[in-house]
Every structure is written in structure tokens, then in C-alpha cells.
Amino acid sequence: MKQQVLRMVMAVLAVGMVMHAMIPAANAAGGSAQAKLPAPEGKIVNVAHRGASGHAPEHTIASYELGIAMKADYIEIDLQMTKDDVLVAMHDQAVNRTTNGSGYVRDYMLEELKKLDAGSWFNASFPEKAKPEYAGLQVPTLEEIFQRFGRSTNYYIETKSPAAYPGMEEKLLELMEKYHLTGENGRSGKVIIQSFHPESLLKIHELQPDIPLVQLISRPELGKKANEQLEQIKQYAIGVGPNFSNINKEYVQTVRGHGLLIHPYTVNTEEAMKTALSWGVTGLFTDYPDVFHKVMKKHKR
Ligand code: G3P
Ligand code: CA
């Protein structure tokens, strides 16, 4: 069954995954569908993408703290894994863009990775938002993030590159268990796991069917073809996370018609947020959770 679903999902997602791989990094209702989100029915979720990464260096504790202070419902975390198999928060496979180091995370022992400065690049790139305390910030491990925030926030965690990181899913689930984020907390959606890779989500679904999963899709099938893709996804996931640039109102309505959540990425302008809300999205990823909070308040009136 799992193999059959995987083959079908891989086929329908293949085009989108290839397209995602081409996007530059910087821009870049089966069992699971019974899982509930912590947000009340109908609440639109505000996901702080890489933390409040429009205001602070992405994937640092400072960025997550700011996201929570800006009333995000979830902090979004991309996972990479070190040479000694420790899960860390970073978007790119290489450290070059967001630290003062070079090379791949996979080639760093955690101790070496911890010596890198993950904040000064932000001060240099965005002088108008620079803060002295950002200089010297470390790359956080997922465990440090769980230790810092515990169950006080919700986590939207992305498994990256399963081919490069065999065992990532098991490590993630182990840590979630250690910090009491599975079981009832898992079912209630304290953690949503997202991935562009259906094989990663299917593995998690097999190991822990209660955890809500979201299938990321760079280029979703639109029109009539969307139905087949969404029916496959619905077998293991509660929703989809499409690239906002590649969807339209009809697609959002189709997804909702299948009983799935839809959280497009990455929506950063007020205008785009208003458009997404008018189309009926159930949440979105943004680098500016403060702006989305403001837009949602107006939208409700
Ligand atoms: O996880 C949603 C969005 O973050 C997917 O794109 O490349 O920013 O991880 P990316
Ligand atoms: Ca992500």
C-alpha cells in the first residue's frame, strides 16, 4: 500500500519537485487527516517563516522569539543534519549564505558548526534592521529550540533532502517524543511536519500516524488535474503548502473542497496577503508575521 501510494504521489509531484530544486535557495484523509490543529476551527494560521526572518537573521533563536512576540501561531523550522547526525535549523544545505563559514552542514561536526556566526550576515545585508546582538548568534539545534520554547509555541518543521540525510525522520520523532510533542500533543497539532518529499512524509505517517503532515508543492497541478494529486495527498496529509506564485483562487477552492488545509509560501506583502485571504487560504507562511497579523485583523472586520 505504502509503495503504491508513494509511486503515485511521486509521479504527480515529480514536476513540482524538479521545479523547486531549480529555485535559488535564497528565494527560495487517511489517518493523518483525522489530526486536528491547535487553532480553533476556521482560524487562519500565521506561520513565521524561518522565524520572523524579515526582521531578524533566519533560523536563529532571536528570529523565533520575534516570531512568537509578533503573535505567529507557528514557528517554521527547516532541518539539516550535521556530520555527527545532529538536527539543526538551517534552510540551505550549505552554510555559506547565512553564516561566516563555507561548505555543507553535512560536513560539519556540531562543535564546529557552533563556532560559526549566523547573525552578522544579516546586519551586513540589512543595515536598516541590524542589531549588535545579532552578531555572533549560533546555529541552533532542534533540541535547543525545543528546550527554549517547549510547548509554549507550535512548530512547523520541514524535513529537507531525505536522500542526503537518511535517518532524519527517526531523529526528529525521537526528539519530539523526548520533549512530549507526540501522543496527544502530536494529535493536537503542536507540531506539523512538512516536506517537498512525499517519501519523507509517508515514512513519518507510518511511524507516527497521528502527526499532522503537510505536502509542500512548488508547482501544483491546476484545473481538473488537481483532483488526482489532492486525492493522493489526502491519504497521508492534512494539507498542502504550495508556492503562492503558482496558484490561483480556483486552486484554493479546489483544495478546500477536498477537505484539505492550504498554507501557501512565502507571502510577504500586504497586497498578496489580502489576495490569499480573499481566495480562502487557511493560513500562510510569511517572513513578516506582524504584517499578516495586522492584515488579518482588518480582514475580520
Ligand atoms: O516550508 C514552506 C517554505 O519554507 C518552503 O520553501 O524553500 O523556504 O523551505 P523553503
Ligand atoms: Ca521551509
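**Ligand 1**

I began at ligand 1 and found that one of its oxygen atoms is 2.8 Å from an N or O atom in the side chain of Lys160. Taken alone, ligand 1 exposes 290 Å², and I noted that the protein buries 100% of that. I should record here that this is a predicted model, and I read every distance below with that in mind.

I then looked for other polar side chains at ligand 1, and I found a polar side-chain atom of His91 lying 2.7 Å from an oxygen atom of the ligand. Glu76 also takes part, with a polar side-chain atom 2.9 Å from an oxygen atom of ligand 1. Which residues are the closest to ligand 1? I listed His49, Arg50, His91, Lys160 and Gln194 as the closest, out of 14 residues that surround the ligand.

Arg50, one of those closest residues, held my attention for its backbone, since Arg50 has a positive phi of about 60° although it is not a glycine. I placed Arg50 in the loop between β1 (45-48) and α2 (61-69), and I entered it as buried because its relative accessibility is 3%.

**The calcium ion**

I moved on to the calcium ion (ligand 2), which is coordinated by Glu76 (OE), Asp78 (OD) and Glu158 (OE) at 2.1 to 2.3 Å. Glu76 therefore goes into my notes twice, as a donor to the calcium ion and as a residue whose polar side-chain atom lies 2.9 Å from an oxygen atom of ligand 1, and it counts as buried at 2% relative accessibility. Asp78 is likewise entered as buried, because its relative accessibility is 1%.

Along the chain, I wrote the spacing of the calcium donors as E-x1-D-x79-E. Why is the arrangement around the calcium ion irregular? I checked the angles and found that the six donor atoms subtend 58 to 163°, which makes the arrangement irregular. For reference, I noted that the ideal angles for six octahedral donors are 90 or 180 degrees.

**Strands β2, β4, β5 and β6**

I next followed the strands that carry these donors. Strand β2 (residues 74-81) pairs with β4 in the parallel sense over five bridges, and I found Glu76 standing opposite Tyr156 in β4. On the β5 side, β4 pairs in the parallel sense with strand β5 (residues 191-195) over four bridges, where Ile192 is the bridge partner of Tyr156.

Is strand β4 mostly covered or mostly open? I counted five of the five residues of β4 (residues 155-159) as buried, and so I wrote that the strand is mostly covered, buried here meaning under 20% relative accessible area. Both faces are covered, with Tyr155, Ile157 and Thr159 on one side and Tyr156 and Glu158 on the other. The calcium donor Glu158 thus shares its face of β4 with Tyr156.

Continuing from β5, I found that three bridges join it to β6, the two running parallel, and that Leu213 in β6 is the bridge partner of Ile193. Strand β6 (residues 213-217) is largely enclosed by the rest of the structure, because five of its five residues are buried. Here too I recorded both faces as covered, with Leu213, Gln215 and Ile217 on one side and Val214 and Leu216 on the other.

**Loop residues**

I then looked up a few residues in loops. Glu221 is found in the loop between β6 and α9 (225-233), and I entered it as partly exposed, because its relative accessible area is 24%. Its C-alpha atom is separated by 9.0 Å from that of Ile247, 26 residues apart along the chain.

Thr282 sits in the loop between α11 (270-279) and β9 (283-286) and is buried, with a relative accessible area of 11%. I noted that Thr282 and Lys43 are 239 residues apart in sequence and yet 7.2 Å apart in space, C-alpha to C-alpha.

A positive phi turned up at His180 as well, where the value is near 60° in a residue other than glycine, and I located His180 in the loop between α6 (168-178) and α7 (183-187).

**The whole chain**

Last, I wrote down the totals. I counted twelve helices and nine strands in the protein chain, and of its 301 residues, buried ones make up 55%. The chain exposes about 13000 Å², of which carbon and sulfur atoms supply 52%.

Terms used. Residues numbered from 1 in each chain as written. Chains lettered and ligands numbered in written order. Predicted model: local features only at pLDDT ≥ 70, side-chain atom pairs only at ≥ 80, totals over all residues. Heavy atoms only, no water. Buried < 20%, exposed > 50% of the residue type's maximum accessible area, 1.4 Å probe, protein only. Pairing = 2+ DSSP bridges. Donors = N, O, S within 2.8 Å, 3.2 Å for Na, K, Ca; no water. Tetrahedral: all angles 85-135°; square planar, octahedral: opposite > 155°, others 65-115°. Near = heavy atom within 4 Å. Polar contact = N/O pair within 3.5 Å; in protein donor to acceptor, adjacent residues only side chain to side chain. Areas by Shrake-Rupley, 256 points an atom, 1.4 Å probe, with all protein chains shown as cover.
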